[in-house]
Amino acid sequence: MSNPDGDRLFMKSRHRVKTYGEVFTPRSMVDQMLNLVSHDLEAGEGFVDKTFLEPAAGDGNFLVAILQRKLAAIEERLDPAIWSRESLFALASIYAIELLQDNHRDAQDALVNEFVRFHEGHGTRCSSRTDLYHAATFLVETNILHGNTLTGRSPDGEEIEFSWWTRQPHDPSMVKREPFTFNSLREDGAFDFAIYGSYEPCPVQHVHRKANADA
Ligand SMILES: C[S@@+](CC[C@H](N)C(=O)[O-])C[C@H]1O[C@@H](n2cnc3c(N)ncnc32)[C@H](O)[C@@H]1O
């Protein structure tokens, strides 16, 4: 029988298990859990934009599985002409926080690698010379954050800041970035958008080029 986890270890050290609760979930269990939200993830209307937050990302096993399943659904259900744009919105829908620096880096790398693999598998250039690649890495760097979920703060003590990536109603390729703090999610659903400068809408493929309009 094939093993989807290959030679993956589920624990790196006893110290890390004891100190950080670091035990990785096998892929079969990740898939069983994602099956519970299959409608939002890959089947229902607007599935590309349905958001997921991993509060203890580890090395990204849930994040990669979520991206793989969204990309598979994009491939199956949408016109190839919009795969690039929709794949970026899929990335924009995946958020995470991870405490340990090595896991955080691995989680970011794993997501970018999965994104590149999808496009190169379909003959679409996604090298570091393309906007597609730079938009993808920007979204991953902005959404997959290093910090402590319990305090809502980065290792420097700054508030963890996420961004909402809102599709523009008149043009589904345009996105508007709206930053908010993670801690504001805990306050009766009140996003603190207002305290941040706003960003002008831009094509999602150019999201990495967009400076803060109020800067
Ligand atoms: C049990 S592992 C789970 C990893 C992954 N979610 C999985 O299921 O395979 C827990 C992860 O949470 C991280 N972690 C522990 N406390 C955390 C905190 N307060 N904030 C963010 N991440 C934390 C650990 O560093 C570790 O990578």
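**Exercise 1. In this predicted model, find how many bridges join β4 to β5 and in which sense the two strands run.**

Solution. Start with the pair itself: β4 and β5 are antiparallel, and eight bridges hold them together. For a concrete anchor, pick Phe-162, whose bridge partner in β5 is Phe-180. Next, look at the link between the strands, which is a hairpin with two residues connecting β4 to β5.

Now widen the view. These strands belong to an open sheet of three, ordered β4-β5-β6, with antiparallel pairing. β4 (161-168) and β6 (202-203) are the edge strands, each pairing on one side only. On the β6 side, strand β5 (residues 171-181) is joined by two bridges, again antiparallel. Here Val-175 is the residue to click on, since Cys-202 in β6 stands opposite.

**Exercise 2. Work out the strand order and pairing sense of the open sheet that contains β1, β2 and β3.**

Solution. The order reads β1-β2-β3, and the pairing is parallel. At the edges sit β1 (52-54) and β3 (144-146), and each of them pairs on one side only. Going from one strand to the next, the twist averages 15°.

Then zoom in on one pair. Strand β2 (residues 94-98) and β3 share three bridges in the parallel sense. Take Ala-96 as a handle: its bridge partner in β3 is Ile-144. Last, add the helix: α6 (residues 101-121) packs on this sheet and touches β2 and β3, with its direction at about 165° to that of β3.

**Exercise 3. Decide whether α4 and α6 are roughly parallel or roughly antiparallel.**

Solution. First get the geometry: the two helices pack at an angle of about 20°, and their axes are 9 Å apart. Angles under 35 degrees count as roughly parallel, so α4 is roughly parallel to α6. The crossing is right-handed.

Now the residues. From α4 come Leu-63, Val-64, Leu-67, Gln-68 and Leu-71, while α6 supplies Ala-107, Ala-110, Leu-111, Glu-114, Phe-115 and Phe-118. Sort that contact by class and you get nine nonpolar residues, one polar and one charged.

**Exercise 4. Do the same for α2 and α4: at what angle do they pack, and how far apart are their axes?**

Solution. Helix α2 (residues 27-35) packs with α4 at an angle of about 55°, with 10 Å between the axes. That value puts the two helices in the oblique class, so α2 and α4 are oblique to each other. As for handedness, α2 passes α4 in a right-handed crossing.

The α2 side of the contact uses Arg-27, Val-30, Asp-31 and Leu-34. They meet Asn-61, Phe-62, Ala-65, Ile-66 and Arg-69 in α4. By class, this contact of α2 with α4 holds five nonpolar residues, one polar and three charged.

**Exercise 5. Which residues around the ligand come nearest?**

Solution. Begin with the whole shell, which has 19 residues. The nearest are Thr-25, Ala-56, Gly-58, Leu-99 and Thr-149. Then ask which elements contribute: α4 (61-77) and β2 are the ones giving two or more residues to the shell. To finish, split the shell by class: 10 residues are nonpolar, seven are polar and two are charged.

How values were computed. Residues numbered from 1 in each chain as written. Predicted model: local features only at pLDDT ≥ 70, side-chain atom pairs only at ≥ 80, totals over all residues. Pairing = 2+ DSSP bridges. Helix = DSSP H or I, 4+ residues; strand = E, 2+ residues; numbered from the N terminus. Axes fitted to C-alpha atoms, helices over the stretch in contact; angles between N-to-C directions. Contact = placed C-beta atoms within 7 Å. Near = placed C-beta within 6 Å. Nonpolar A, V, L, I, M, F, W, Y, C, P; charged D, E, K, R; others polar. Parallel < 35°, antiparallel > 145°, perpendicular 65-115°, else oblique. Left-handed = near helix turned anticlockwise from the far one by under 90°.
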